[in-house]
Amino acid sequence: MKQFIISSETDAIREVEERGDQTEIARFMKEEVKKQLKQFLDEAPQYFCSPSGPKLALVIDGKCLMYALEPSLRIMLLTLSLNCSSVVCCRVSPLQKAQVTSLVKKGARKITLSIGDGANDVSMIQAAHIGIGISGLEGMQAVMASDFAIAQFRFLEDLLLVHGRWSYIRLCKVVMYFFYKNLAFTLTQFWFTFGTGFSGQRFYDDWFQSLYNVIFTALPVVIVGLFDQDISSSLSKKYPELYKEGVRNMFFNRRVVAIWACFAVYQSLVFFYFVSLSSSTSRDSDGKMFGLWDVSTMAFTCVVVTVNLRLLMMCNSITRWHYISVGGSIIVWFVFIFIYSGIMTRFDRNDNMFWVIYVLMSTSYFYVTLLLVPVAALLGDFLYLGVQRWFFPYDYQIVQESHKDDADSINKPDSQETKEHLTPDEARSNEISQLPKEVSKHSGFAFDSPGYESFFATQFGKYVPPKAWDVARRASMKSKSKPK
Amino acid sequence: MDTDRERHSARETAFYLFTQQSLPACKPVLTPGWVIAIFLFMGVIFIPVGLVTLRASHCVVEIVDRYDIDCVPESSRMDKVSYIRDDSIPKNCSRFMKVHKYMKAPIYIYYQLDNYYQNHRRYVKSRSDKQLLDGQKYHDTSSCQPVESNNNRPIVPCGLIAWSLFNDTFEFIREGAELKVNRKNIAWKSDRGHKFGKNVYPFNFQNGTLIGGGKLNPEIPLSDQEDLIVWMRTSALPSFRKLYGRIEEDLDVDDVVVVNLTNNYNTYSFGGKKKLVLSTSSWLGGKNDFLGHACVFVGCSSLTLAIIFMLLHVKYRRTDIISSYVIKGVNRVIIVPFAGLMETRVIYLGTGKAFQGDSDKIDIHSSFLIDDVLDFTGTSASLGKGSLSDIRQGVVTAPILFAMEEFPRLKSVIQQGFDNPANVDTALEYLWKNRGIQRSKELAIKHANLVAAAIDSLPESSNIDVTKSRQALINLTRILVTRNK
């Protein structure tokens, strides 16, 4: 790694400082910083030629940073920093922390994240796009100023790779599904207007339209937004490259929206034309024909069932709450229409829907249509999903498929004890896990965790022996806590 | 022990699972096998359903006769509107309907209207359901405008729907004897019972200057006026049928039914059509092939798709994704074998692309393939790292993969892991026996040639730097492939 160091502790600067003239010090330091920035900026490109060349790092301290952040030198600092793999600013004041963050935020136009645990980090946390505060021994000021609060620095990995990624996927799914279901529902009415002489007669009853988004299709999408996981948390950390899918906005771009919209249009065509063309001659067992409200109830039933089934198709992980909410929504629709059709009071505005569903459900036409229309509508979606997963899979789908046979990590730990035959290894680890557990060694400092210093080292396969002072610290902590 | 159990039980409560995002879930993965199975299943279900439905539809016998043009006498054909409006001309008409297939009782008589927009917004709105129940006692009939009152007296039933009541009548005669038509029970029972009052009588109906349709007998309560009830159930489409009555006798083949009808209703001012329909009924309803055809279409297309996917599955057999590599911490690679190991598809996670011809990425690919080969063939002196370090660390590399293909027994050895040094030796034995290493080398050379071909296929350039760098790239690939350390 090649380090570019801009320090204010050089001999030349000390010499000028000893002379004591403030203006001269300021001018000299500015000249020095400018010269060094220029020099490093010229030197940096030659390291880019070879892909296996050393990584670049910039180290700058607070005094020089004060001059480097002036408008004339700011651009050079930014360019140089963006070319480096890491930039270390030491001895900076809180204001400078915020200034550096703003510089990157506005200059590089990237999403910035800042994380800190003390009161001096508050301005930096607020300057960045996403501010993360660590709650701990240094107090709660950082937490109160932040967007997200975590307890340990190492939880940042989980926050980004697991929860951040899931959150992006869930958000995309919820928003897309919302637009899709309303599009399918509304376009069905749109096709109806062609058959009404463009008079604007509504296809559905007023109550159906009002309650569609409130009761019949609302809860399942909330459940998806809460629980959907494309891959488990341990796999998310194992394949951090999957985070790039969010960075490149792969799930909510124009192509995705256009595809969902096309399928919504196709489904609305199926809903309207299948139902209306097949009901033009359908009648109940006594020859009586259907009217407008019977046809629209039939179509609405198909819409509700299809839209809920489509939700199940787009889930990556299905908990029992999904089944409950999807089944529940469909059942609520039937309960509602039974009650709505069965009751006619003096206060109804119109009695169009009286007894409609009972007559409908006494015909076999209803059941054949209810079997056919959702399947025909979802046929296109299913085909698209199958082909996309097979020939053009997303990265997370590849990971899903390669790990689909892995045992669930959420298996109850007791289940192993009930197995009759344990291999000697399993029996041994079982015994170990049943020993009394030690009290947690976390001391509450943000950057502290047992074995932290070797965490990243182990990622690269290197073994780093613990430092002597750390061993001593742990030993002292152990004696403090009383074993049970 | 107690704290352990407590901790375990706390970990299993639903609230803990919810907050820790670890609810038990099933994670369905749509593999090609499932796609094919589901399409097959759909085909198997829908084709019989469709055929049964089609058969039901073909069982229905239907006779349709359009009479509105032919029932106007020749002399008045130029101006049908004034003909139909003239009350002094008798509107009787005789039509002949020939039965082409045996029709079993009950035979339903429908009148069909085309281009008649009963679903127009102003029309659908123009009724008062409360007045139908309460009669003149109910006063808020503003929704019935403009047919609300006449000469300051309320109209019962008000509204455009009632005002435009269909009033053609039909009589059926077969072989001189009149066929009895049952005109009772043609409206929905719920309408008769609950929507139209039993004590409400028509009042001041069709008394205005503009006659819209039929008149109603003021002695019969609304709940028994079945024609009105049938008419007031507005239909969904501009072309609709409504039930007129039932014939309770069978009709044989080649019977000729004479229909004496009165052509009262005016559909001429807006270009509508009137038709008379005699139809039997099946368990599914009337004669409509649409459901049957749709079911058969869905079933057939599912089966076709299943067959297409099966062929694709055989041709591009995608066995389980084999392994993931880490290339010097650059990017994670997953090898997806397509139709055998020689045609692998390299997918780089995080870049959103799969490569089978991108030159610079294949460069790295062939480079690390050679790396793996050298791990086996080189010595620690020339390599700089311990030879066989890959296999000792349990990393499965390309030569082992090729060996696994030839010797399935090697797979079980590898699954046992390489902790046991005996396994390592067994694996090495298999490796030297087969051509695994040779094939790895061949694969690397093949990819290097692909790279060179790709570079050559770039368009010609006169810039010296460009040609120089291209030549450098080609040389680089050669060096990478033929290196010994």
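This passage describes the two chains of a predicted model, their helix packing and selected features of their loops.

Chain A contains 22 helices and 7 strands. Chain B, in turn, has a secondary structure of 18 helices and 16 strands. Of the 484 residues in chain A, 45% are counted as buried; for the 485 residues of chain B, the share is 48%. The accessible surface of chain A amounts to about 25,000 Å², and carbon and sulfur atoms contribute 62% of that area. For chain B the exposed surface is about 24,500 Å², with 56% supplied by carbon and sulfur atoms. Among contacts in chain A with a separation of 6 or more, 71% are between residues 24 or more positions apart. In chain B, residues 24 or more positions apart likewise make up 71% of the contacts with a separation of 6 or more.

Three helix pairs of chain A were examined. Helix 1, spanning residues 11–19 of chain A, packs against helix 2, spanning residues 22–43 of chain A, at an angle of about 170 degrees, and the two axes are 9 Å apart. Angles over 145 degrees count as roughly antiparallel, and helix 1 and helix 2 of chain A are therefore roughly antiparallel to each other. The crossing of helix 1 and helix 2 of chain A is right-handed. On the side of helix 1 of chain A, the contact involves A12(A), I13(A), V16(A), E17(A) and R19(A), while helix 2 of chain A contributes E24(A), I25(A), F28(A), M29(A) and E32(A). Sorted by class, the residues in the contact of helix 1 with helix 2 of chain A comprise 6 nonpolar and 4 charged, with no polar ones.

The second pair consists of helix 4 (residues 71–83) and helix 5 (residues 94–107) of chain A, whose axes come within 11 Å and cross at roughly 75 degrees. This angle makes helix 4 of chain A roughly perpendicular to helix 5 of chain A. R74(A), L77(A) and L78(A) of helix 4 of chain A are in contact with residues of helix 5 of chain A, where L103(A), V104(A) and G107(A) take part. The contact of helix 4 with helix 5 of chain A has 4 nonpolar residues, 1 polar and 1 charged.

In the third pair, helix 8 (residues 155–193) and helix 10 (residues 219–227) of chain A pack at an angle of about 165 degrees, and their axes lie 8 Å apart. Helix 8 of chain A is thereby roughly antiparallel to helix 10 of chain A. Helix 8 and helix 10 of chain A cross in a right-handed sense. From helix 8 of chain A, R170(A), K173(A), V174(A), Y177(A) and F178(A) meet V221(A), V224(A), G225(A), L226(A) and F227(A) of helix 10 of chain A. The residues in the contact of helix 8 with helix 10 of chain A are 7 nonpolar, 1 polar and 2 charged.

Several loop residues were also considered, beginning with those of positive phi. In chain A, F198(A) is placed in the loop between helix 8 and helix 9, the latter covering residues 206–216. F198(A) is not a glycine, yet has a positive phi of about 55 degrees. With a relative accessibility of 59%, F198(A) counts as exposed. In chain B, Q21(B) occupies the loop between helix 2 (14–19) and strand 1 (25–26). Q21(B), also not a glycine, has a positive phi of about 55 degrees.

Chain B also contains cis peptide bonds. One joins Q145(B) and P146(B), with omega about 0 degrees. P146(B) belongs to the loop between helix 6 (129–134) and strand 5 (149–150) of chain B. Another cis peptide bond links V156(B) to P157(B), with omega about -10 degrees. The loop that holds P157(B) runs between strand 6 (153–154) and helix 7 (160–163) of chain B.

A further loop position in chain B is G197(B), located between helix 8 (189–195) and helix 9 (226–232). Relative accessibility under 20% counts as buried; G197(B), at 5%, is therefore classed as buried. Apart from neighbours within four places in sequence, G197(B) contacts L132(B), L133(B), P221(B), L222(B) and S223(B). The C-alpha atom of G197(B) is 7.6 Å from that of G135(B), a residue 62 positions away along the chain.

Terms used
Residues are numbered from 1 along each chain as its sequence is written. Chains are lettered from A and ligands numbered from 1 in the order in which they are written. This is a predicted model: local features need pLDDT of at least 70, side-chain atom pairs count only at pLDDT 80 or more; totals for chains, interfaces and linings use all residues. Side-chain values use heavy atoms; hydrogens and water are left out. Axes are lines fitted to C-alpha atoms, for helices over the stretch in contact, and angles run from 0 to 180 degrees between N-to-C directions. Helices (H or I, at least four residues) and strands (E, at least two) are DSSP runs, numbered from the N terminus. Angles under 35 degrees count as roughly parallel, over 145 as roughly antiparallel, 65 to 115 as roughly perpendicular and the rest as oblique. A crossing is left-handed if the near helix is turned anticlockwise from the far one by less than a right angle, and right-handed if clockwise. Contact means heavy atoms within 4.5 Å. Ala, Val, Leu, Ile, Met, Phe, Trp, Tyr, Cys and Pro count as nonpolar, Asp, Glu, Lys and Arg as charged, and the others, Gly among them, as polar. Buried means under 20% relative accessible area, exposed over 50%, partly exposed in between (1.4 Å probe, protein chains only). Accessible areas come from the Shrake-Rupley method with a 1.4 Å probe; for residues, only the protein chains shown count as cover.
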